Amino acid sequence: MEKPWPKTNSDVCIRCAACTAVCPVSRVSPKFPGPKQAGPGAERFRTPGEPSVDQWIDLCIGCHLCDMACASGVNISELNLIAKAKYTDEKGRPFRDWLLTHTYLFSPLGSLFSPIANLLLKSGTIRWLADSLLKIDRRRKLPRYESPTFRQWFKAHHFNSHKKMAYFYGCYTNTNEVDVAKATVEVLEANGFEVTLPSQRCCGIPMLGNGDFKGARKLGLWNVPSLLNSVRSGLDIVFSSTSCGHMIKHEYSNLLNIPGSEEVAQHTFDIFEFLRNLKEGGNLNTDFRKSSLRAAYFAPCHLKSLGIGFPAFDILQLIPGFKVDYIAADCCGLGGTFGFKKEKYEISEEIGRDLAEAIDRLKPEIVLSDCEGCRMQIRHLTGLKVLHPIQILRDAMTR
Amino acid sequence: MHYDLIVIGMGLSGLMAAKTAAADGQKVLIVGKGMGSLCLFSNTIDVLGQSPTAMKMTDALSQWIEGHPLHPYSKVGLKNVEEALSSFLSLFPLPYSFQTIDNRNCLLPTGAGTLRPTFLIPTTMVGGISVDEGRELIVGFKGFKDFYAHYVADQLRCRGINLELPDLLSQEPTATALARLMEMKSFRENTGREIKKQLQGETRIGLPAIMGTHDPARVKDDLEGIIGAKVFEIPILPPSIPGMRIFNRFKEWLIRKGVTFLLGYSVSKAALKGKRCERIEVLHPPVITSYSADRYILATGRFIGGGLKADDEKVVEPVFNLPLSQPRSRENWFGDSFSSDLPHPIHGAGILTDASFQPVDAGGNMILENVWTAGSILAHHHCIDEKSREGIEIATGYAAAKHALEK
């Protein structure tokens, strides 16, 4: 049964401006009027059947920070997203946006031919062409492909246990940050879990963020039955990318009405949330080697929107000698595909600059974050080594 | 997940309760529906603004306590109110600290150009004390809609100007955008130089409260160096940047202490068994997460954040459905005149508690043995008229946590 999109009554907005106080985009750019205006404010002027007038709606980065600041319970970012979908449906999406949201189609090829692909991605000419023809900003480094992919590595990997888990690794991890997935598997195995990989495609969050509900829904409709299969055979699912997790746990049901997604959501956990639950039950392997690293941890927006606190930050404290500080900043500014777009690059960089300064105040040796987008942005802006916290945990495991 | 203590509400009282428990080594979860009114209205810390400025706060408070036995301050007790305030102050070391002027209330200018009494004053506002000599210059920014320099200046009988900065040409910056720009050296220096150019012998400069979020003391020092005059902040329309400084400081401190910090989620259900709260549920569609604790503190505030809800007939407390002290019927909610000197009865509605902040019924019987209450949701205060909101929040947040930990 098709439910209508959930629409919050914007009249419950009391115009208090808490959302504007936390919006990263309106903080750095006057082009975006801020969540109060763009969300419940503009909503009052939106009429179904009439053309969209929200030219600036595209500048909402989709961080959800406004939703979390609102004490009246207005889902501001959802209003923005629906308005963005309408605006881009009418205006049409450039080929560039199609390309950026369909990387999952060609990334296996990128991985297969990674030596050539990486040369091309690094090449100044290619980046200049991408910039002038496609409006993908040339200042943005394009992520490198790795070979073999995680899935290929996993095929040759064996570990048996009666305790089994399913893992949603996400397409970026599969081809561009394979070690994050390896680390996830290794930490789960160190805790006695055999990992299985349900068939999966891109979760669809890049499409959703670009206002392409149809495309995102199609991917959701593909993923959910496969994940449901795992759940119904008694497995819990973990994810290591907080954005994929946010999409699967909340947007699949809330915005996209994908049948079965509610059941999947009940059994899907962030990897550190899962480890924290193990610890709570006294079942976490805490046999860690001493470490002398000084790290800083950055909590991604889509971790905050999961509403689970900061489980990675909690678990990392268990490593003896390891010093990890909390980075007091909100939103890295990459916003998935947002920061790659030429017309948005400067906004992305300005938001990121606030984060880079917060990192600089802590002077860490290494930065940790659970989201690939945040990691990419922090590397880009600070030049520091940036890892997923699970990689640090894996390195600290004694076996 | 199981905790020693769960705090419901992320306003100043909830943050203070969480801080008190975390400092004691307890495993704490704090859950809040939104950022709370701290980020909207708070700038300074009011304790008992309605007491005469000539009076030392200690004396004013003990007199107040004597005359108002049911008031939250009376339940906390003078000694603990002072301890609570010191505990708050300890979170704000120099350079951005709060101070009193000789332990008394003093008058600070508002964004409406009036003077209001308040007690604990942040570094960036100290310069605004007793602005009545006509030697001030009030400076606004063209395009910034939450502060009206000429209006403020007219009220204070001094001069007001609006800066037209090239960086802000044809923009309508928000308070957060201005606060961010202020922390950029070039913008700060341009602002300072522009103000200096327009000085006509004024010795004090009043700016809207947007002097940065991370290092406002530095912004102030730099501006004073460039202009050669004292600089102070004046509160603006919401959001409040000084309020956010307080919120952010608590947030960072709590997270670093290992407190589970759930901002943006409201409690959808409190599961009770007999006289105990067994767990709370947080609904984040489509997932419901349960959290349990030995003790709970309810600090959900009044109407703005949904701590109290009103229908056509009465006021209710939605989480535990606790009995409230409230006017008998809706007809009695408000006084005859909107701006009468007497507080409107509805503002006195709130939760009845015993001396240790545990909710009780009209007969004084304890309702839930592991639940405490703190903040503006309590009955028997009129914080708007008393000018006591932050003080009540700090004192009762601290005291409720102390009582909860003792039991």
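## Chain B: two domains and a partner chain

The domain assignment splits chain B into domain 1, built from 2–95 + 244–406, and domain 2, covering 111–232. Keep in mind that this is a predicted model. Taken over C-alpha atoms, the centres of domain 1 of chain B and domain 2 of chain B sit 33 Å apart. Where the two touch, domain 1 of chain B puts in 13 residues and domain 2 of chain B puts in 13 residues. On the domain 1 side, helix α10 (residues 241–256) of chain B brings the largest share, three residues. That side of domain 1 of chain B has five nonpolar, five polar and three charged residues.

Now for chain B as a whole. Chain B holds 12 helices and 19 strands. Its radius of gyration is 22 Å, close to the 22 Å the globule rule gives for 407 residues, so chain B is as compact as a globular protein of that length. The C-alpha trace of chain B spans about 70 × 45 × 40 Å along its principal axes. Of the 407 residues in chain B, 50% are buried. Among contacts in chain B with a separation of 6 or more, 68% join residues 24 or more positions apart.

One helix pair deserves a look: helix α5 (residues 78–90) of chain B packs on helix α12 (residues 389–406) of chain B, with axes 8 Å apart and an angle of about 100 degrees. An angle from 65 to 115 degrees counts as roughly perpendicular, which is why α5(B) is described that way relative to α12(B). From α5(B), the contact uses Asn80(B), Val81(B), Ala84(B), Leu85(B), Ser87(B) and Phe88(B), while α12(B) offers Ile394(B), Ala395(B), Tyr398(B) and Ala399(B). By class, this contact has eight nonpolar, two polar and no charged residues.

Then there's the neighbour: 36 residues of chain B are in contact with 31 residues of chain A. On the chain B side, the elements giving two or more residues are α2 (38–41), α7 (175–182), α10, β11 (260–263) and β13 (276–284) of chain B. Of these, α10(B) gives the most, with five residues. So what is the make-up by class of the side of chain B that touches chain A? It divides into 19 nonpolar, 12 polar and five charged residues.

Here are the class counts together:

| Contact | Nonpolar | Polar | Charged |
|---|---|---|---|
| Side of domain 1 of chain B that touches domain 2 of chain B | five residues | five residues | three residues |
| α5(B) with α12(B) | eight residues | two residues | no residues |
| Side of chain B that touches chain A | 19 residues | 12 residues | five residues |

Definitions and conventions:
Residues are numbered from 1 along each chain as its sequence is written. Chains are lettered from A and ligands numbered from 1 in the order in which they are written. This is a predicted model: local features need pLDDT of at least 70, side-chain atom pairs count only at pLDDT 80 or more; totals for chains, interfaces and linings use all residues. Domain bounds come from an automatic or database domain assignment. Two residues are in contact if their C-beta atoms, placed from the backbone, lie within 7 Å. Helices (H or I, at least four residues) and strands (E, at least two) are DSSP runs, numbered from the N terminus. Ala, Val, Leu, Ile, Met, Phe, Trp, Tyr, Cys and Pro count as nonpolar, Asp, Glu, Lys and Arg as charged, and the others, Gly among them, as polar. The radius of gyration is taken over C-alpha atoms; the globule rule is 2.2 Å times the number of residues to the power 0.38. A residue is buried if 20 or more other C-beta atoms lie within 10 Å of its own, exposed if 12 or fewer, and partly exposed in between; C-beta atoms are placed from the backbone. Axes are lines fitted to C-alpha atoms, for helices over the stretch in contact, and angles run from 0 to 180 degrees between N-to-C directions. Angles under 35 degrees count as roughly parallel, over 145 as roughly antiparallel, 65 to 115 as roughly perpendicular and the rest as oblique.
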